[in-house]
Amino acid sequence: MTFINDNNAERMNFVELWAEYVLNHSDIEWSVQQNVLINSCLKSARMTRKEYLAMKG
Amino acid sequence: MEFIGNTIKIARELSELDTFALDFINILKKHTSYAVISGYVSILLGRSRASEDVDILIPKIGFNIFQEIYADLKKAGFYCINAEDDLEVYNYIKEKLAVRFAKNNSVIPNIELKCTKNKIDDLTLSRTLKVMLSDNKEIIISNLEMQIAFKEKILKSPKDLEDARHIRIVAQGHLDKELIKRYEVMLDDFYK
């Protein structure tokens, strides 16, 4: 449980750090960085319709 | 990011997910009101995560309206992942199930479309915010207080708690904290 709790706390720390960055920088500055993550995730997520529906239950 | 009354202005670079959502919304809004809900709301507001889907809530609609929406979606290169036949897809929605739409030959990203099914959904759809993006593009989202309350009180997964925390920080000074508390009581009572 400690590992999971520690991991969740670490994640939340970064969420707060990033949200402060968004708050204190221009929309272009944060969105360009956010889009690196979003666009690459979408590119790498390739699956068939059947696989997707099975995953979603 | 600028909060002006019921509008949030975001001069952000659009992601592929934003462009996909806007393509769908530009068709949907010709036929019905809607509100984007759940994870994509926090992503639109800058959360550092991706999502394979965009959740959209619409009011209950009749078969004729649905046929018009689906015909326009097909013309624009969308298809329904769950089923193909108009009536079959409509029956999913009518039975209060969500249906997913993606661009032809893909499954990700997709739109999860659902009709209102209870008083919480009705409330969500009745209190919305407009997000103004560049080039006069706009997306209607659920009010942030409901998003926060739902994620913190009902969903509670680490991802949802992080989404709520992100919104609380980027929208600080623009949130009605008493309203969040009232929503939490209402949600607790409804889902207990």
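A salt bridge is a side-chain nitrogen of Lys or Arg within 4 Å of a carboxyl oxygen of Asp or Glu. E16(A) and R165(B) form one, with their closest N and O atoms 2.8 Å apart. The model is predicted.

**The interface of chain A and chain B**

The E16(A) pair has company. The rule finds three salt bridges across the interface of chain A and chain B. Residue pairs in polar contact, both at pLDDT 80 or more, number 15 between the two chains.

On the chain A side, helix 1 (2–24), helix 2 (27–44) and helix 3 (49–56) each supply at least two residues that touch chain B. Helix 2 of chain A gives the most, with 13 residues. By class, the side of chain A that touches chain B has 19 nonpolar, six polar and seven charged residues.

In total, the contact takes 32 residues from chain A and 38 residues from chain B. The size of an interface is often given as the accessible area lost when the parts come together. Here the area buried between chain A and chain B is about 2900 Å². Carbon and sulfur atoms give 61% of that area. Which three residues supply more than any other three of the area that chain A buries against chain B? They are D27(A), L42(A) and Y52(A), with 20%.

**Pockets**

Rolling a probe the size of a water molecule over the atoms shows where empty space is left. The table sets out the two largest pockets.

| Pocket | Volume | Lining by class |
|---|---|---|
| Largest | about 630 Å³ | 12 nonpolar, six polar, 15 charged residues |
| Second largest | about 240 Å³ | five nonpolar, seven polar, three charged residues |

The largest pocket has a volume of about 630 Å³. Its lining has 33 residues, and the closest to its centre are I37(B), S38(B), D55(B), K114(B) and L155(B). Several elements of chain B give two or more residues to this lining. They are helix 2 (39–44), strand 4 (53–58), strand 7 (110–115), helix 5 (119–126), helix 6 (144–155) and helix 7 (158–170). Helix 6 of chain B gives the largest share, five residues.

The second largest pocket is lined by 15 residues. Nearest its centre lie G5(B), N6(B), L129(B), N143(B) and E145(B). Strand 2 (7–9), strand 8 (128–132) and helix 6 of chain B each supply at least two residues of its lining. Helix 6 of chain B thus appears in the linings of both pockets.

**Backbone details in chain B**

Most residues other than glycine have a negative phi, and most peptide bonds are trans. Chain B offers an exception to each habit. S38(B) has a positive phi of about 70°, although it is not a glycine. S38(B) lies in the loop between strand 3 (35–37) and helix 2 of chain B. It is also one of the residues closest to the centre of the largest pocket.

I108(B) and P109(B) are joined by a cis peptide bond, with omega about 0°. Where does P109(B) lie? P109(B) sits in the loop between strand 6 and strand 7 of chain B.

**Salt bridges over all chains**

The whole structure holds 22 salt bridges over all chains. One of them is within chain B: the side chains of R100(B) and D53(B) meet at 2.9 Å, N to O. R100(B) lies in strand 6 (residues 99–103) and D53(B) in strand 4 of chain B, so the pair ties together parts that are 47 residues apart in sequence.

Technical notes. Residues are numbered from 1 along each chain as its sequence is written. Chains are lettered from A and ligands numbered from 1 in the order in which they are written. Side-chain values use heavy atoms; hydrogens and water are left out. On a 1 Å grid over the protein atoms alone, a cavity is a set of points where a 1.4 Å probe fits but cannot get out, and a pocket is an open set with protein on both sides within 12 Å along at least five of seven lines; lining residues have an atom within 4 Å of a point. Grid points are joined across faces, edges and corners, and a volume is the space filled by probe spheres set on the points. Helices (H or I, at least four residues) and strands (E, at least two) are DSSP runs, numbered from the N terminus. Ala, Val, Leu, Ile, Met, Phe, Trp, Tyr, Cys and Pro count as nonpolar, Asp, Glu, Lys and Arg as charged, and the others, Gly among them, as polar. Contact means heavy atoms within 4.5 Å. Buried area is the accessible area (1.4 Å probe) that two parts lose on being put together, summed over both. A polar contact is a pair of N or O atoms within 3.5 Å; within protein, one must be able to donate a hydrogen and the other to accept it, and residues adjacent in sequence count only if both atoms are side-chain atoms.
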